[in-house]
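Here is my note on the model you asked me to look through, written as numbered points. Please keep the sequence and the structure open beside the text while reading.

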Amino acid sequence: MIKKMTFVFAPFALALVLGACSDNEESTANEEAAAPETEQAEGTEENTEEAAGSEEAAPAESALELPEEDAVVAVVNGEEIQGKVYNSVARQFESTLASQGQDPSTEENLQLIEDEAMSVVIGNAVLLQDAKDKGHEADDAVVEERMEELKANFEDEEAMNEALAETGFTLEEMEEQLREQLVYESYMEEEIDSPEVTDEEVQAAYDQFVESSEEEAPAFEEMEPTIRQSLQEQKDQEATFARVEELREEAEVEVKL
């Protein structure tokens, strides 16, 4: 079962497009050479790379019952959420389960995917609405730069359009998602406060790792930066969850799925 959803805003359509790009490159490489290994398309951001990678692990036949792309699956403070946004999130959860060796088609997991996907799209909506209310905006120059980075993942415009067609998103909608990503990043930096990780917490986490590891653990000094970063990300996630819960309590949410 997927652990409690780790809330991270991600440009979902972008993840799917990059996943399609990676799939296309793999197919081309297999046709041109017998070697089984192929290069993966590089994403523009870490969370996008992870999402694109998990997309490749999706089962050949999905058991998800997805709404029409233009259907309204939820209304958040008057803002309509379309089916294609929900569907992209649900597919990523399905891929995550598949990559973990679990069967996404069980009744329990299908319900889990549905619940978590809806939670994410609603959480994204309330956070972005709050960010825009507080005056956070995306820099046009940075948006253009990231759009160019996205386009660079494809051999040509035709390949990019084919990948876009598979997701149901337009290039304009992709640009809007990148813009929202920048708004979210600004919001997280200025509005979300989480406590700093203490040295004691890092040491405790290292000691626990050493105790549970079957092999000799690396020295503390070697692992300390990674452990500290991981613990800080957990604290950031907890703070984000708390903010989402606050916003949802005040929001008018109607789920139509």
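1. Which residue forms a salt bridge with Arg 228, and how far apart are the closest N and O atoms? The model is a predicted one, and in this model the partner of Arg 228 is Glu 224, with 2.5 Å between the closest N and O atoms. Both residues belong to helix 9, where they are four residues apart, which is about one turn of the helix. Glu 224 counts as buried because its relative accessibility is 19%, and the cut-off for buried is under 20%. Arg 228, in contrast, has a relative accessible area of 25% and is therefore partly exposed.

2. Arg 228 deserves a second look for its other neighbours. Helix 9, in which Arg 228 has its place, covers residues 220–250. If residues up to four places away in sequence are not counted, Arg 228 touches Val 197, Thr 198, Asp 199 and Val 202. With one of these, Val 197, there is a polar approach: a polar atom of the Arg 228 side chain lies 3.3 Å from the backbone oxygen of Val 197. With Val 202, the separation between C-alpha atoms is 5.9 Å, although Arg 228 and Val 202 are 26 residues apart along the chain.

3. A further salt bridge in helix 9 can be read in the same manner. Arg 243 pairs with Glu 246, the closest N and O atoms being 3.7 Å apart, and these two residues of helix 9 are three residues apart, again about one turn of the helix. Here the arginine is the buried partner, because the relative accessible area of Arg 243 is 19%, whereas Glu 246 is partly exposed, because its value is 46%.

4. Salt bridges are also found elsewhere, and the count for the model comes to 11. One of them joins the side chains of Asp 130 and Lys 134, with an N to O distance of 2.8 Å. Asp 130 is buried because its relative accessibility is 11%, while Lys 134 is partly exposed because its relative accessible area is 43%. In addition, Asp 140, Glu 175 and Arg 179 are linked to one another in a network of salt bridges.

5. The strands can be taken next, starting with strand 1, which covers residues 72–76 and is mostly covered, in that four of its five residues are buried. Strand 1 runs antiparallel to strand 2, residues 79–82, and four bridges join the two; within this pairing, Val 76 stands opposite Glu 79. Strand 1 is also joined to strand 3, residues 253–255, by three bridges, and this pairing is antiparallel as well. Here Val 75 of strand 1 is the residue that stands opposite Glu 254.

6. What lies between strand 1 and strand 2 in their hairpin? The two strands are separated by two residues, and Asn 77 is in the turn. The phi angle of Asn 77 is near 50°, which is a positive value in a residue other than glycine. With a relative accessibility of 39%, Asn 77 counts as partly exposed.

7. The end of the chain offers a surface feature that is worth finding in the picture. Val 253, Val 255 and Leu 257 make a nonpolar surface patch of about 220 Å². Leu 257 lies in the segment after strand 3, and Leu 257 counts as partly exposed because its relative accessibility is 42%.

8. Finally, the local points can be placed in the whole protein, which has nine helices and three strands. Read from the N terminus, the order of these elements is α-α-β-β-α-α-α-α-α-α-α-β. Of the 257 residues, 42% are buried, and the accessible surface comes to about 14800 Å², with 43% of this area belonging to carbon and sulfur atoms. Among contacts between residues at least 6 apart in sequence, 78% join residues that are at least 24 apart.

Conventions: Residues numbered from 1 in each chain as written. Predicted model: local features only at pLDDT ≥ 70, side-chain atom pairs only at ≥ 80, totals over all residues. Heavy atoms only, no water. Buried < 20%, exposed > 50% of the residue type's maximum accessible area, 1.4 Å probe, protein only. Pairing = 2+ DSSP bridges. Patch = residues over 30% accessible without salt bridge, like charges linked within 9 Å, V, L, I, M, F, W, Y side chains within 5 Å. Areas by Shrake-Rupley, 256 points an atom, 1.4 Å probe, with all protein chains shown as cover. Salt bridge = Lys/Arg side-chain N within 4 Å of Asp/Glu carboxyl O. Contact = heavy atoms within 4.5 Å. Polar contact = N/O pair within 3.5 Å; in protein donor to acceptor, adjacent residues only side chain to side chain.
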